[in-house]
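Please open the model in your viewer and keep the sequence panel visible. The tour below proceeds selection by selection.

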Amino acid sequence: MMTLGKGITGGYAPLSAVMVSQAIARHFDANVLWCGLTNYGHPLCCAAANAAIAAYETEGLIDNAHARGLELATFLDRLAVDHPMIAEVRHIGLLAAIDLQKSSDDKSPWVPYRAKGDDAAKVAKLQKAFYDAGLMCLVRFGTILLAPPLCIDAKELQKGLAIVDNVLRTELKP
């Protein structure tokens with residue numbers, strides 16, 4: 001089972017879905033699933049979903065996300081080898097996370113979960129450095145989250161990734 005949300009309507013209307021295997025779906029052929037919420041099958045939400053899915057297909061966003069996602073993965077995997085404060089990188093498509101550690105010798109998290117005080121100030125400083133350099137991303141405790149738009153082109157992605165590299169090299173010292 002997999003749940004899906006915002007992207008179904010491009011974020012314009014509240015709609016989500018659950019994808020299931022054929023075996024699970026067949027169960028509901030004979031067994032009604034009694035559920036429903038305010039927006040359950042709402043015509044406006046379904047129209048927005050149809051339009052968003054059509055845009056994904058006609059504008060080549062799925063193929064673009066795949067191609068740019070491969071570029072993102074290659075970059076992040078290389079960056080993880082080159083930078084001593086990167087503990088791990090995770091990515092799927094155009095969604096990525098960079099987990100930071102104190103150093104290559106000290107594998108403990110760069111900033112502990114639910115950090116406060118000086119540790120939280122380090123996070124805010126790193127977030128501001130990305131913003132000042134022209135990159136919108138989220139720094140949450142010791143993790144940098146990247147989620148570029150599906151329509152990003154190769155040149156824009158490379159520019160953003162250069163900012164990630166530069167900010168990490170200038171702002172983080174083991």
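The stops that follow concern an aromatic pair and the backbone around it.

The model is predicted. Begin by displaying the aromatic side chains: how many aromatic pairs does the structure hold? There is one. Select Tyr113 and Phe141, whose rings make up this pair in an edge-to-face arrangement. Their centres are 5.1 Å apart, and the planes meet at 65°. The arrangement counts as edge-to-face because the angle is over 60 degrees.

Next, colour the chain by secondary structure. Tyr113 lies in the loop between strand S4 (95-100) and helix H4 (117-133), while Phe141 belongs to the loop between strand S5 (138-140) and strand S6 (143-146). The two residues are 28 residues apart, and the pair thus links distant parts of the chain.

Now display the molecular surface. Is each partner buried or exposed? Tyr113 has a relative accessible area of 61% and is exposed. Phe141, at 17% relative accessibility, is buried, because this value is under 20%.

Keep Phe141 selected and turn to its backbone. The phi angle of Phe141 is near 55°, a positive value in a residue other than glycine. This residue is found in the loop between S5 and S6.

Finally, select Arg114, in the loop between S4 and H4. Which sign does phi take at Arg114? It is positive, near 60°, and Arg114 is likewise a residue other than glycine. Arg114 is exposed because its relative accessibility of 58% is over 50%.

Definitions and conventions
Residues numbered from 1 in each chain as written. Predicted model: local features only at pLDDT ≥ 70, side-chain atom pairs only at ≥ 80, totals over all residues. Heavy atoms only, no water. Phe/Tyr/Trp six-rings, centres within 6.5 Å; stacked < 30°, edge-to-face > 60°. Helix = DSSP H or I, 4+ residues; strand = E, 2+ residues; numbered from the N terminus. Buried < 20%, exposed > 50% of the residue type's maximum accessible area, 1.4 Å probe, protein only.
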